[in-house]
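Visitor: Before we look at any detail, I would like to hear how the terms applied to a model like this one are justified. Could you take me through the reasoning?

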Amino acid sequence: MVDAGLFGPWGPVLLVVIIATVVLVVLLLIACFFTPGCIGYECARKRKKEATNILPRFKGRGSDNVKLNDVSYRSWRLGSLYENDTSGTISEGVEAQRNSINSTSGQFEAIDTSSTLHLIQTEKQKNEKKTKEFPSELTLSLQYLPPCDETITGKLVVGIEAVTNLPPKQYNCTLEPYVALNIVKQSWSHRKQMKLHSFRTRGIRHTANPIYRETFVVADVKPHEVKEWVLDIVAYDHDRYANHTELCSLKIALKDVKKIFQSPEIHLFNYKMKPSSQEFGNILLGVSYLPTAQRLTINVMKLRDLKVLRFVSSLNEFYPYVRVVMLNGKTGKKLKKRKTRTLHAVAQPEFNETLTFDVTYNQLDSVQFLIVLCNKVSVENVPASYGEHPSDSEDSSVNSFKKTEDIFIGKVALGKGVRGSTERLHWFSILQNPRKLVTVWHTLK
């Protein structure tokens, strides 16, 4: 009756037309969201991609790994993980559906059906952009006092004043840098450098900009002899758990520093030091994490291209073994340690041993592992006290004659806060692939 009063006899017809129009519009909108090519379909597909592309490789897994995923993604930023990374690809041997996370220099290929992941290192690109870093600088003082007569001889005074912008440690721990100074002479007949004098500064803890102000004096030298000398200066980091790390180095030919021979006053110089690229070989590590047992296993497989002749005179004196130290990444305190068996006179050792560590979910954010290649050396050591007062214990009598000293050859660190891109990529792949053995070739430094 209302429609008849408002619109006259056409009221019911207009009402039916309006209702039909509304229903048609709703149907068209619904069809647009399900028809490829429409605006609504593309918008809905884009939002779905953004919501599901974060964890494509974990789709279809159970809820038992939720805590592990939360830990890994709470600790890592996926975009920053691959910045300036040249490590390569993670691939598997079983053909299945693959989900990739691509960046400018790294790629993940994930397959849920495989039990082992392999990280294949690709060759570094020649046109790779170099990262902008502030170089380390050495402040050096030099002074030469020429001889006056037969009683007063010439002196060379070398002062290590300070070093700035030292590179950080491989793992989360403070630096304890010191500087080693070697004065060498180039022997052109043998084409070798002959070491004449060696000096070393004290170590200063908890700083990347140490101030030493230490002076070393070489007496009884003549000007023509000093001009043939070369100052070989190397900055090291004292490591209590492994070998001392070479941070940067510098070589100065005194013949190029002519003004120290023109005036006997103290001259200050600032030199940019060259970052160290020292490597001692490669080690193959397989690491896996079991979320249910909260246990991490490190499989020490084999080593190759070892430079052991720097530490031992012959291969027969090489007794290699691998030590794994579990550290607290925040404090640097040692938590646990394990080691493999010792081999003898092997150029490319193969251990194939598995070392296990109990690691909880909360520790995955802070724990770090230091893998160290060591050489066990047996040294004859017979103190006089043992000879005069022999012990009644058989163990003590044996230990009095032989003492084992470990020589650290090289190391690599794994964990959240480590510096190397390959090491970070390895640790990230371990967290994202629980129960899988992730194998990676690492460089010992």
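What follows is a conversation about a predicted model, in which values are set against the definitions behind the terms.

Guide: As an outline, the chain has 10 helices and 21 strands, and of its 445 residues 41% count as buried. Residues 24 or more positions apart account for 68% of the contacts in the chain with a separation of 6 or more.

Visitor: Why is Cys-248 called buried?

Guide: Buried means under 20% relative accessible area. Cys-248 has a relative accessible area of 1%, so the term applies. Cys-374, at 0% relative accessibility, counts as buried because it too falls under that cut-off.

Visitor: How many disulfides does a search of the whole structure find?

Guide: The search finds 0 disulfides. The term is reserved for a pair of cysteine sulfur atoms within 2.5 Å, so a count of 0 says that no pair in the structure was found to meet that limit.

Visitor: What makes Lys-169 and Asp-237 a salt bridge?

Guide: The rule asks for a side-chain nitrogen of Lys or Arg within 4 Å of a carboxyl oxygen of Asp or Glu. The N to O distance between the side chains of Lys-169 and Asp-237 is 2.4 Å, so the pair satisfies the rule. This pair links distant parts of the chain, with Lys-169 in the loop between β6 and β7 and Asp-237 in strand β10, 68 residues apart. Lys-169 and Asp-237 are both buried. By this rule the count comes to 7 salt bridges.

Visitor: Which side chain does Arg-202 meet in a salt bridge, and is Arg-202 buried or exposed, or in between?

Guide: The side chain of Arg-202 meets that of Glu-214 at 2.8 Å, N to O. Arg-202 lies in the loop between β8 and β9, whereas Glu-214 belongs to strand β9, 12 residues apart. Arg-202 has a relative accessible area of 42%, and because this lies between 20% and 50%, Arg-202 is called partly exposed. Glu-214, at 15% relative accessibility, is under 20% and therefore counts as buried.

Visitor: Why can one say that the pair of Asp-239 and Lys-411 ties together parts that are apart in sequence?

Guide: The closest N and O atoms of Asp-239 and Lys-411 are 4.0 Å apart, and the two form a salt bridge. Asp-239 lies in the loop between β10 and β11 and Lys-411 in strand β20, so the pair ties together parts that are 172 residues apart in sequence. Asp-239 is buried, as is Lys-411.

Visitor: How do you know that β16 and strand β17 pair?

Guide: Two strands pair if DSSP finds at least two bridges between them. β16 and β17 have 5 bridges in the antiparallel sense, so the requirement is met. In one of these pairings, Val-324 has Arg-338 in β17 as its bridge partner. The two strands form a hairpin with 5 residues between them, and Gly-332 in the turn has a positive phi of about 75 degrees. Of the 9 residues of strand β16, 8 are buried, so this strand is largely enclosed by the rest of the structure.

Visitor: What makes β9 and β12 edge strands?

Guide: They belong to an open sheet of 4 strands with the order β9-β6-β5-β12 and antiparallel pairing. β9 and β12 are the edge strands, each pairing on one side only. Neighbouring strands of this sheet are turned by 20 degrees against each other on average, direction ignored. Strands β5 and β6 pair in the antiparallel sense over 9 bridges, and Leu-140 has Ile-160 in β6 as its bridge partner.

Visitor: Which residues form the covered face of strand β18?

Guide: The covered face holds Phe-351, Glu-353, Leu-355 and Phe-357, while Glu-350, Asn-352, Thr-354, Thr-356 and Asp-358 make up the uncovered one. In a regular strand the side chains alternate between the two faces of the sheet. β18 runs antiparallel to strand β15, joined to it by 7 bridges, and Thr-354 in β18 is the bridge partner of Asn-299.

Visitor: Why is helix α10 said to agree with its expected span?

Guide: At 1.5 Å a residue, the 12 residues of α10 should span 16 Å, and because its end C-alpha atoms are 16 Å apart, the two values agree. Moreover, 12 of the 12 residues of α10 are buried, so this helix is largely enclosed by the rest of the structure; the buried residues include Arg-424, Trp-427 and Gln-432.

Definitions and conventions: Residues numbered from 1 in each chain as written. Predicted model: local features only at pLDDT ≥ 70, side-chain atom pairs only at ≥ 80, totals over all residues. Heavy atoms only, no water. Buried < 20%, exposed > 50% of the residue type's maximum accessible area, 1.4 Å probe, protein only. Axes fitted to C-alpha atoms, helices over the stretch in contact; angles between N-to-C directions. Expected span 1.5 Å × (residues − 1). Contact = heavy atoms within 4.5 Å.
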